[in-house]
Amino acid sequence: MKDGTMSKHDLSVSGGADKYQYRLSLGYLDRDGILFGPGNHEKKYSLGVNISADVTKRLKVGATLTGYYRNYTQPFYTDSWNYLARALPILTDTLADGRYGNSWLRTAGRNNWENPRMLAFNGLQTKVVQRFLSTISLEYKLPFDLKYSAKFGVDKYDGMLSGFTPRMQTWNPKKTTEFINWNSPATAPRAAKNDYNDLNITFFNTVDWVRTFGKHNLSAMIGASYNNFATDTWATSYYGYLDGTLDAFDAGNTWNATSGKPTADVLESYFGRFNYDYDGRYFFQFTDRSDGSSRLGINTRWMNFPSAEVGWRVDKEAFFNSDFVTFLKLRSSYGAMGMQNIDLYSYTRTVKPGQDYSFNGTINSGAAMLTDADPNMRWERTVTANIGVDVNIFKNKIALSLDAYHRNTIGMLRQINIPAQVGGLGGPIKNLGGMINKGIEFTAQYNDKIGNVSLTLYGNAAYNYNEVTKLGDEVIYFSDGTILKQGYPVNAFYILESEGLFQSADEVANHAYQSPKTIPGYIKYKDQPTKDNKPDGIINGDDRVAIKSSSLIPKFNYAFGFTVGYKGFALSTAFQGVAGIKALPTANLIFPFNNGANATKEWLTDAWTPENPNAKLPIVTTSTLGVDNYQRSTFWLRDVSYLRMRNIQLGYALPEKLVSRAKIQKVSVFINAENLLTFSPFKDFDPESIMNSTNLYTYPMLKTFNGGINVTF
């Protein structure tokens, strides 16, 4: 890996008169990532146009056009982080003549060798993207204080991903005539293309009404929206190339495969809102919307989501007289919202071709239903009740806000499992039970100016309690070691409970049976009581327990920062963090020598030995010999709470008297750092990147340093 670089330039021009305004912007981005090789570069050119005009006293129109052309590259084999996690120090980088090496030492679990340099410099994918978003809008003032607004938008995305891989081989550094094929000579060299053609059409229109009667202020709105997101994709590949010189399809002689499909995702909505306030003291709002989604069945795709909110400005009451409290508002709300974020066509049973079968000793072409479906599944519905208070004190220098909420989710959309006896059929997505989230949120901000120094401090914190409800005795098991079970958080860990490490052969003999390979230094698992409330003396899947910790939802979220200004200088920073969340990483870099991969340094210093009985890691074994140690258990559960400095920036604005001589309105310079500091009990990898992940093969958050200059004419 290496340090990445980025160059970004933006130019905008704006102007107008009484009846029209315009803005034109241009942008250029050149970025090189942190992995070496040609498959790590991006260039992007962007354009933006925004125009609005008052055609008459009643009619106002506007149009926008934003778009970009983007070209970026990536390795043909994209699982770079997995390959790096499997790299070994005994791997030869290159031979003296430049050929890519492997190792003369045979290693258990390694039938092939991922040479990171070979994979980075050989085989390339290039994606070219053109995307344009256009909108046309109008506002027309009707009689009786009515106003009609409409906006029509088209989002067009065209992308072409082209890839080519040559035949790749690694060579034995001692027996230089021996080689291993990384990719099969039967399918490499190989060329592939993927075409992405997306069209998103939106239409949004409303009628608004506003009227004041003395101290009574009323407003109402009705509207409708339409969103149609259509995709058309295809992919094909060829092989049978003589070498890696030419990558055009015509240079290959064997067609491999072609696939493609169109999809359509439609969401229609009708909505309305009514607002009333009396003298700026008492507030009431009612909203109702009806949404219809094509992701759901024809009989269940529509659902209503009403909500209401009330508020009271206590500080405006005649009885309220305080120099300390300058603003005080009490508020409460109750309302529903929906979720339909599931795969398209999940409500219908689909038949997939290419499911060949044997009949009378002959392979015949066939088709089959691979996944069951529930045509009656409906929207996942969440009802939220909220109460809150907003307070400003010390002449509005300090603003405080406190909210308490209770969210009740009904009919969670989750895929269920079907017993394997039915033929390996995938389970349908169904509405299951419910889930509650309840907690409090607090925000605070301080603003002040002392002489030439301006200061802003802010912070917010939230606590959330999550629990699955109304699931009865049903339990949904997921492949990542989590479950859906009543009384526990969503996606709670379902794993063995560790009791430390075995310290002696006698301890192994006197404990519940784990496996014939169990020896001192292995993880000791608790033998849980069975149905008769007694341990059965055997450690197996029945000894797994649910842990009251979610792999998805942290218990605490918080953020804070400040901005200080002094005579043109400005220093600002922002921190963000989470707490009360765990992860269960497995495989390479967690387990030593997993599948022929390496081991981290701590396995040399912190693993169990008779001389190091208080070690934090079990005895070192191969991944196959010590399989007992690498079962999902509380031993490997990791706290991935973190506090991260998201941003810190120092800027300086040159004095206006100085820049005005050059007919420039404003010049400012800045230096900036992102993700500069991270504090976490999890040291193996970036904690934010692996939340809800079972391995460390994810692209981490990067530290970024940049500087720039802004000039306004």
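Hi everyone, this is a short tour of one structure, from its domains down to a few single residues.

A word on the basis first: this is a predicted model, where local features need pLDDT of at least 70 and side-chain atom pairs count only at pLDDT 80 or more, while totals for chains, interfaces and linings use all residues. Residues are numbered from 1 along each chain as its sequence is written, and side-chain values use heavy atoms, with hydrogens and water left out.

Let's start with the domains. The chain is assigned domain 1 (1–256), domain 2 (289–474) and domain 3 (550–712); such bounds come from an automatic or database domain assignment.

Now look at domains 1 and 3. Their C-alpha centres are 25 Å apart, and 12 residues of domain 1 contact 12 residues of domain 3, where contact means heavy atoms within 4.5 Å. Together they bury about 1,100 Å², with 61% of that from carbon and sulfur atoms; buried area is the accessible area (1.4 Å probe) that two parts lose on being put together, summed over both. Which three residues supply the most of what domain 1 buries here? They are Trp81, Ala85 and Arg86, with 47% of the area on the domain 1 side.

What about charges across that interface? The rule finds 0 salt bridges there, a salt bridge being a side-chain nitrogen of Lys or Arg within 4 Å of a carboxyl oxygen of Asp or Glu.

The whole structure, though, has 26 salt bridges. One of them joins Lys397 and Asp448, at 3.5 Å from N to O. Lys397 sits in the loop between β19 (380–393) and β20 (398–415), and Asp448 in strand β21 (residues 429–450), so to speak 51 residues along the chain. Strands here are DSSP runs (E, at least two residues), numbered from the N terminus.

On to the rings. There are 23 aromatic pairs, meaning rings of Phe, Tyr and Trp (its six-membered ring) with centres within 6.5 Å; planes under 30 degrees apart count as stacked, over 60 as edge-to-face and the rest as tilted. Take Tyr463 and Phe556: their centres are 5.2 Å apart and their planes at 45°, so this pair is tilted. Tyr463 belongs to strand β22 (residues 453–469) and Phe556 to strand β29 (residues 556–566), so the pair ties together parts 93 residues apart in sequence.

Two backbone spots to finish. The Ala188 to Pro189 peptide bond is cis, with omega near 5°, and Pro189 lies in the loop between β8 (179–181) and β9 (190–213). Phe144 is not a glycine, yet has a positive phi of about 65°.

Terms used:
Helices (H or I, at least four residues) and strands (E, at least two) are DSSP runs, numbered from the N terminus.
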